[in-house]
Amino acid sequence: MTEEQTASPWRGWGWLTPHRANIAIVLILFIALPPLTARAMPKWFTGTTTLVFCKAVAIAVAAISLNLLLGYAGQISLGHAALLGFGAFTSGVVTSKYNLPMYVGIPAAALISAGVAFLVGLPALRLRGLYLAMITIAFGFAMQQSVFRTNYLSGGSAGIALPRRVINENDLTNNADFLVVALVLLLIVWLIDVNVVRTKLGRAFKVIREDEAVAQSFGVDVTRYKLTAFVLSGAIAGIGGALYGHSVGFVNGESFGLDSSLLLVIMVVVGGLGSRAAVVTAALIFTIFPHVMETLFPRLLGWHLIIGALLLIFTVARNPGGFAGAMHEARERAEKLRRRAEEDEIEDAGALPKLPSLPRPAGLADRPTADVPIVLHATDISVRFGGLQALSEASIEVPRGKIIGLIGPNGAGKSTLFNAVSGLVRAETGNVTFLGEDITALRPDERARRGIARSFQNIGLAKSLTVLENFLLAQHQVATYGTGTALLYSRRGARIERELGDRAREAVEALDFTRFLDTPVRNLSHGQQRIVEIGCLLVTAPELVMLDEPSAGMSPGAAENLAVRLADLRDELGRTVLLIEHNVPMVLDVCDEVYVLDHGEMLAHGLPAEIAQHPEVIGAYLGATTVGVAP
Ligand code: ADP
Ligand code: MG
């Protein structure tokens, strides 16, 4: 007998660590509790009470769905109840008309609602804020008035039954038993939501919520991820709606009106946008509480909507983060106070840490690189904003391994040229060639994936996310797993996420920022944010690094240091840099060539020493004072 064969009977159960065993026991208890309690205490746990719990669990699923869309991705939906409606009607048709079990009806509900959400999401891609709110309200109202009144779905206005069919004519009539089904589904949806948050999906959603331009510069395909958010949210809403329908046993068009949509928004906002546990708790309380009140004070019936509305107003005015946000903020304030002294120290020291030097990630290794001598070639770029000609036929050429400076007075069009190169603004005329490839027609995220990394004048980070999350986001383009892998958090997805995490930690460590790993970026000083931003640019080892006034907001010491670090970038890491800088002595000192932009036109181009002597440049920009240049 080999040693392996004599091993304990637990062989093959190695994955069952004590921690996991505990979680499993808690989950089993959590699910077994309702039927056991109902049978042990029939007096307290009546069928009616249990039904309220079933409904509450269904609403909690719906709240997770809206939280994904509104809390993570920042896309408002004021007609969400209509998606629940599609779920309920679908499962109703499947179970009552086709006599199929609800285990078929509920997945079908998820599918149909996901499809409808996709269709709603398509126009929503172009709309934001108030317009998106209006179109989703209109969608909810239109569905209630039309589709939900058709004979096929709801028997006209009569409604449709949702039997809890298990097999043939056997239904799950006991509410306590059905509560188990509802809880299991809540658990599954909860876990999927956990996987969304801990993978590139959640990070992409959150950066879209904050700033779409920043998302694109991180290489996030905004259109695709917005649609993904709608579809996922729709699928979960379908499950919630079907659960609700099977709880009450019967629904009609009135069950999913605008009041339900608004109540759902209230729950999610008051509970705390983006916080799963808070949102689920709010949904449970909002559903159970009115029934308690109704039993105790029957005359207060219907007041829960008014109480909810008041809570909503209070939340939006005082605590935009909801209850979860308020608690989180209190914790953060305490932490910040504790940190303040330490932070001041770092600022005053003024030393900019060494920039991380990481090898190119495997996912990008196949990119065409090497022997193209001119990395970037932008020719005759013209950009117009209404009546303002921001750029007229400006051209710039960036050779490999050099630092090219771009200077010019405020409003000259420097940032606009960056935007034209990275694809955030469309040029009227001109071409952008990157590594020999014409990229003029490409989207910003496609350009980012080809190796153009840029910083923004006003910090291009997702500020409500932590330093670690931003470094993970910066590697979005190398997170090469698909949406399905993300939702299941399969072994491959977990491995790639671990690699991204290791790389992120390595970069943060190189910056000597490990203590800020879990600090939201907005809590850092401006100079520190700038360092994190540059670190994020470098984490995927891009071909071209474009920096828009990196020294702005840095302490003088750090700014001086920046010049040294930029030279490192070129000399030690072999990177190519295009630099917009107000600090002219620094530009003349560190750059190999300098371009001067004035009123949208390229005024001059040459070696730093030539630029410093250029009469027109001195007249237009540098002023009469001579600038000190190293010979
Ligand atoms: P710089 O970075 O050189 O200071 P910018 O490129 O930011 O200058 O701006 C050039 C000109 O274009 C400015 O007059 C600015 O007001 C204008 N501008 C920039 N972006 C926009 C925009 N999105 N819409 C309208 N005008 C803009
Ligand atoms: Mg600018």
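Because domain 1 (25–257) and domain 3 (464–539) both give residues to the lining of the largest pocket, this pocket lies between them. The model is a predicted one, and the pocket in it has a volume of about 850 Å³. Of the 25 residues that line the largest pocket, R209, L273, G274, H328 and S464 are the closest to its centre. The elements that give two or more residues to this lining are α2 (47–72), α8 (200–210) and α14 (322–349), with α14 giving the most, namely five residues. Divided by class, the lining comprises seven nonpolar, nine polar and nine charged residues.

A separate topic is the surroundings of ligand 1, whose shell consists of F385, L388, A390, P409, N410, G411, A412, G413, K414, S415 and T416. In this shell, five residues are nonpolar, five are polar and one is charged. Oxygen atoms of the ligand make the polar contacts tabulated here.

| Residue | Partner of a ligand 1 oxygen atom | Distance |
|---|---|---|
| A412 | polar backbone atom | 3.2 Å |
| G413 | polar backbone atom | 3.0 Å |
| S415 | N or O atom in the side chain | 2.8 Å |

Taken alone, ligand 1 exposes 550 Å², and the protein buries 59% of that area. Two or more residues of the shell around ligand 1 come from each of β6 (388–399) and α15 (414–422), and the largest share, three residues, is that of α15.

Technical notes
Residues are numbered from 1 along each chain as its sequence is written. Chains are lettered from A and ligands numbered from 1 in the order in which they are written. This is a predicted model: local features need pLDDT of at least 70, side-chain atom pairs count only at pLDDT 80 or more; totals for chains, interfaces and linings use all residues. Side-chain values use heavy atoms; hydrogens and water are left out. A residue is near a molecule or strand if one of its heavy atoms lies within 4 Å of it. A polar contact is a pair of N or O atoms within 3.5 Å; within protein, one must be able to donate a hydrogen and the other to accept it, and residues adjacent in sequence count only if both atoms are side-chain atoms. Accessible areas come from the Shrake-Rupley method with a 1.4 Å probe; for residues, only the protein chains shown count as cover. Helices (H or I, at least four residues) and strands (E, at least two) are DSSP runs, numbered from the N terminus. Ala, Val, Leu, Ile, Met, Phe, Trp, Tyr, Cys and Pro count as nonpolar, Asp, Glu, Lys and Arg as charged, and the others, Gly among them, as polar. On a 1 Å grid over the protein atoms alone, a cavity is a set of points where a 1.4 Å probe fits but cannot get out, and a pocket is an open set with protein on both sides within 12 Å along at least five of seven lines; lining residues have an atom within 4 Å of a point. Grid points are joined across faces, edges and corners, and a volume is the space filled by probe spheres set on the points. Domain bounds come from an automatic or database domain assignment.
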